[in-house]
Amino acid sequence: MSGIALTPAAYNPVIPSSSCSLKYQKSFRVKTRVSLNNAISISSDPFVLELAEALEDSVATPKTLQKLRQSSSHSLLSTPWPSRKDEPFRFTDLSILRSSQILPAKTPTITDAHITVPPDSQFPCHVTIIDGHFVNSMSNVTEIPDGVYVGSLSNLDPTVADRVSELVSGFDGGDLFWSINGMGAPDLTVVYVPEGCRVVQSPIHLSYLSSQGSKEGSNDLIVSNPRVLVVVEKGGEVDIIEEFSNVEGNENECYWSNAALEVVIGEGGKVRHSYIQTQSSLSAHIKWTSVRQESSSTYELTEVSAGGKLGRHNLHIKQLGPDTVTELSTLHLSVGNQTQDLHSSLVLDHPRGYSRQLHKCIVAHSQGQAVFDGNVKVNRYAQQTDAGQLTRSLLLEPRATVNVKPNLQIIADDVKCSHGAAISDLEQSQLLYFQARGIDSETARRVLIFAFGGEVIDKFPYSSIRDRVRSQIKSLLDPSPK
Amino acid sequence: MASSSSLSLSLPFQFRFRRNNTHTLRNFTRVTASTTDIPLLQVNDLRAKIVESNVEILRGVNLTVNRGEVHAIMGKNGSGKSTFAKVLVGHPDYEVTGGSVVFKGENLLEMEPEERALEGLFMSFQSPVAIPGVSNDQFLVMAYNARRKKLGLPELGPLECFSYLMEKLQLVNMKPDFLNRNVNEGFSGGERKRNEILQLAVLGADLAILDEIDSGLDVDALRDVASAVSRILTPENSLLMITHYRRILDLLKPTHVHVMDNGKIARTGDITMVEAIEADGYETVSALT
């Protein structure tokens, strides 16, 4: 089943003003220290308050992150814990978080024997972020062009640091988890690409590891808040690979990664972003990706998410000028009792934007679930926009669930937009075609399921990543190959 | 003469035992299995309906194909030709409601579609489905290895298969990049038909059923396809073509021509019958039983 549906402007509940400000305007008078006497706290949820206090106490505020922390604590304290009655969390069960005692991750001791350098450092430029901390001894950023910076904000050249600091937290559409990250991030890892610099010979590989966890059944849940900012100035170009996994021995532990990535792309700049999530099947993975695109810039995302008991990706892309190109390809896989959720929002406010979104989910377990809410807003000045969105889901078991809500909100009148949604089991006619050539239905199913996901995997720009993700997905779909 | 003798050897006998025909047939096949004269395919009073709508399409088809024979089935649209082919390969849209099919001495109707294929029954699809994400060479290697496994031969890696595939590719006059493309995805009508013949060439078959392999082909493509098929044919294997057109019959020279009408084979003759059909139409020819 597929269809084309356009949301007419008349039914559009949200008509953003064209001068939607990106500058963060929160008051700084609020004390960073959380206090129960604080007027704001009265309306707050005690669970959130407790969490805020725990985060506050967990790490000393680095001077450079003070502003972020203040504004985050302000918004955190005025935001209740989301319930299933809130539209963005209607189908997403957060009880794994709510029912736990949330403990902020400690600063990891890198000498710990159990932390080994991730096997995948085939890229000369790699960064390791353990429990939210940039780990210098496990990173190699020597082979990058002059002027490019990859590392902690605290070691950044002051003039560049000023420029970067302006851009931190400049996003007013975040939710509670965005604020939790802003408050709990112990560090900010910065990728800075100066004007006209094209980092194309090799990608920057960000390996996020969770080293602290609790055993299954424990009430404690350790949260880490890694935060990365990517700034590409005018005409610059960079490839980013984000990979979330766990350190060896932590595969079956409970933990919560609450990551945030901000990407700012200057005029004519380009970012190719690969994102792979294969965390422990008992973990919670909540991720924010906030992208701002200046005129004529390009942002390409390829995502494969298969890990976590709860996986949630909030993807917000805002167009700041005309002629932008945005391509999003995502594959979510639920092979166990798990939820994979993508909430994406693309806001087009300027003419001649081009966007393509392909979202695919495979739910291969009766208690598995996939959620997709994909919103594309084509506002009044976004004339001659060409926006396409397609979501396809494969449900392979009885009671496997998918909730998809592709939606386009179009105000401009001279645009080309399409969207479609299809939910199905495998095609009988395709299965028969295999069988008619002597291939048994079991093998045929496996090949067809894999081919369904392959469309997204093929979009990773590096063959080593494609091969590795392919074998990971293969083993998830078929744990015991013949 | 040959045609009438090969068509339904012992119908009255089979009819009488239809209620418990599977048992009877098995005994029958065991007895005859040792003889070399056993028909390759023997279809007796085959009846089938569409699962979804319960509409009966095949109303008692009888057909015998011996090794080395080339048969053609003609007939007007909706007479059941394609349904017959699909029922033989085990298409799940159809349910057999009566009759029997014995292929190489085995009860074909009890086999899964893949078992039928491995047993040596091949059908070219009238409109082959596209399979995005699966490349042609990957598909061919899988199918070829399934076949090799059945024959007790070791499976081959993609590289080892390569020269074998290249040789077959030349047979259907296709360029090597044909192998890198996804199965039938974005193929023209002609490419799809050639691809079916390529699969036949790679896999081989005791009985190849070509369901309208000639429709939608231009003159050159038709000649390519026909010459590939005739090179695949040996005195040991057989061909069953379903077609509306005379041209492919002139190229492949069937030994038997059948006219299907209303779910049955209404008439059987040789190539000369085609002229009568072209001149007078199916109605007249079918009525002459």
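## A tour of chains A and B

Start with chain B: among its contacts between residues at least 6 apart in sequence, 69% join residues at least 24 apart. Keep in mind throughout that this is a predicted model. With chain B still selected, colour by secondary structure, and you should be able to follow 11 helices and 12 strands; of the 289 residues in this chain, 53% count as buried.

Next, select K253(B), which you will find in the loop between helix 10 (246-252) and strand 11 (256-261) of chain B. Its phi is near 50°, a positive value in a residue other than glycine. Is K253(B) buried or exposed? With a relative accessible area of 57%, K253(B) is exposed, because the cut-off for that word is over 50%.

Follow the chain onward through strand 11 and stop at N262(B), which sits in the loop between strand 11 and strand 12 (264-269) of chain B. N262(B) is not a glycine either, and yet its phi is positive, at about 50°. Here the relative accessible area is 47%, and N262(B) is therefore described as partly exposed.

Now turn to chain A and select residues 222-452, the stretch that an unreviewed UniProt entry annotates as "domain: SUF system FeS cluster assembly SufBD core". This span is 9% helix and 58% strand, and the C-alpha atoms at its two ends lie 35 Å apart.

The last stop is the largest pocket, for which both chains should be shown. Rolling a probe the size of a water molecule over the atoms shows where empty space is left. Which residues lie nearest the centre of the largest pocket? Select R446(A), V447(A), L448(A), Q138(B) and M142(B), which hold that place among the 50 residues of the lining. The space within this pocket comes to about 1,300 Å³.

To see how the wall is built, display the elements that each supply at least two lining residues, in two steps:

- In chain A, show strand 19 (386-395), helix 6 (428-435), helix 7 (441-457) and helix 8 (463-477).
- In chain B, add helix 5 (113-119), strand 7 (131-135), helix 6 (136-150) and helix 7 (158-171).

Helix 7 of chain A gives the most to this lining, with nine residues. If you colour chain A by domain instead, you will see that domain 1 (109-427) and domain 2 (428-482) each provide at least three residues of the lining. Finally, colour the lining by residue class, which separates it into 20 nonpolar, 12 polar and 18 charged residues.

Technical notes. Residues are numbered from 1 along each chain as its sequence is written. Chains are lettered from A and ligands numbered from 1 in the order in which they are written. This is a predicted model: local features need pLDDT of at least 70, side-chain atom pairs count only at pLDDT 80 or more; totals for chains, interfaces and linings use all residues. Side-chain values use heavy atoms; hydrogens and water are left out. UniProt positions are given in the numbering used here, feature names are shortened, and annotations may be inferred rather than shown by experiment. Helices (H or I, at least four residues) and strands (E, at least two) are DSSP runs, numbered from the N terminus. On a 1 Å grid over the protein atoms alone, a cavity is a set of points where a 1.4 Å probe fits but cannot get out, and a pocket is an open set with protein on both sides within 12 Å along at least five of seven lines; lining residues have an atom within 4 Å of a point. Grid points are joined across faces, edges and corners, and a volume is the space filled by probe spheres set on the points. Ala, Val, Leu, Ile, Met, Phe, Trp, Tyr, Cys and Pro count as nonpolar, Asp, Glu, Lys and Arg as charged, and the others, Gly among them, as polar. Domain bounds come from an automatic or database domain assignment. Buried means under 20% relative accessible area, exposed over 50%, partly exposed in between (1.4 Å probe, protein chains only). Contact means heavy atoms within 4.5 Å.
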